[in-house]
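Visitor: I have a model open and would like to learn how to read its features. Could you walk me through them?

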Amino acid sequence: KNYKEEGYDKLGNDFFEFFMFRELHHNQYNECSNAINIFYKSFYLFNKIENHHIFGEHFKNYITWHYNVESTNEFLKHIIWSYIKSYDEKLGLRYINVPKDNTDAIKILDVFSTKVEYDIPAKDDLKTFDFFPLKKSPLFKCKQKDNKDIISYLMMDESLYIEKAYSIFINDFWFDYLKPNEICTRKDWGSFIGSEFYEPFIEEILNESLSISPNIVLRSTNQLIFNIEGSPIEYADVYVREKQNVALFEVKSGFIPLGYGYKTVATIEDYKSLDLDKFNKDYGLTQLAEKTIKKFHLYKKEINDPNFNSDRKVQIYPVIIVNDPIISSSIVPFVLKRKFNDLLEKEGINKKAKEHNISDLCIINISHLQDMVQSLKDKKVNFFSLLDLYLLMSDFKNKNNFKGYKFLRTFEQVLYAKVKDGLISDRIKDLKWIKE
């Protein structure tokens, strides 16, 4: 569309933010992650749920009730192996053939292919792009022939099938079991995902990636709680330092919901009705600006990092690690960079000062962290060099980035230009963790 002809130029500096929300429904399915890495996240998530003192028993009940299988471990194995064996190179599509006697797999895949009763949105309703029926049932069960010993399922959407064991599962477990049975509140469930699964998983990835480098110091979560202002405060989620380079992380596990209107902006009026303060807080910008960056020089001497010369000037890299690929793809990182700079200015923070230089915001998806693990371990790339390369290649002030709108480059585009192999770490690519 020609936005200028439609009169959107009257938005001025708010145009890019409006454009971001206006295109979210198109962009939400543009980013594809590595299937094995997603399945490993699922494996880690399922272990955390199964061993939790509240959710563990309910998880087993849900798997038994909804999928008619007894073992949560077998549930995930069937999903993974069915996917791995599903691709037909000649036809260029995925389908699953299951022997009739593999009853556990058939029970699971039957649920994945159940017809969903659904009120079809109007043709101009952007909720259509939520693809709710496909998220509930990404498989189509083919008509069975009596003389065949195989049951076949067509995979209608590969990404949604994979996410049935991860992001979609998180919602399915909530809406199909936890909520109707009044087990907990949505806030309780979201808190578990963030603090019991997401943050420990990021810690595991960073420890695996960076601990082999003697010059890099990593601190996270409880190691960054200090009682400086009268009560204990977690000033950052993650701190990574090499020499005078300091990356300060905010980590966000949430996915953009359909209910708040972020994905259904069609008009300027829709945009103006959004709670943008809530959006900035929910996805880490506010905390990163108002606390983690603003108060760094207040808490820096409290960090257990004896070799850090906190009196010298530092290069600070603000980083948000997100779970939702929408936030790390397309125009979103560019818009959030601009918004973050506005928040710093609002807080009276100079990006260039005697004590520090503050880089532009880097938005990295959790899948990107997984994809770079082996390259960082093998020292083929350096973490801060990757950040510098991304910032250089997406710098709006660099005229070389104007042609072809190169300043809109995402971290993913820069990462895959630099890292072309080893995208699955040696520790998980042999799939031994599935067999445990």
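Guide: Let's start with a sheet: four strands form an open sheet in the order β1-β2-β4-β3, with antiparallel pairing. Here β1 (87–88) and β3 (139–141) are the edge strands, each with a single partner, so one side of each has no neighbour in the sheet. Strands are DSSP runs of E, at least two residues long, numbered from the N terminus, while helices are runs of H or I of at least four. Two strands pair if DSSP finds at least two bridges between them.

Visitor: How many bridges join strand β2 to β4?

Guide: Strands of a sheet pair through backbone hydrogen bonds, either parallel or antiparallel. Strand β2 (residues 93–99) and β4 run antiparallel, joined by five bridges. N97 stands opposite S152 in β4.

Visitor: How far should I trust the coordinates?

Guide: This is a predicted model: local features need pLDDT of at least 70, side-chain atom pairs count only at pLDDT 80 or more, and totals for chains, interfaces and linings use all residues. Residues are numbered from 1 along each chain as its sequence is written, and side-chain values use heavy atoms, leaving out hydrogens and water. pLDDT is the predictor's confidence in each residue, from 0 to 100. The protein's mean is 91, with 97% of its residues at 70 or more. Confidence is lowest in helix α2 (residues 24–27), at a mean of 80, and highest in strand β10 (residues 314–322), at 98.

Visitor: How many disulfides does the structure hold?

Guide: A disulfide is a covalent bond between the sulfur atoms of two cysteines. With a cut-off of 2.5 Å between the sulfur atoms, the structure holds zero disulfides.
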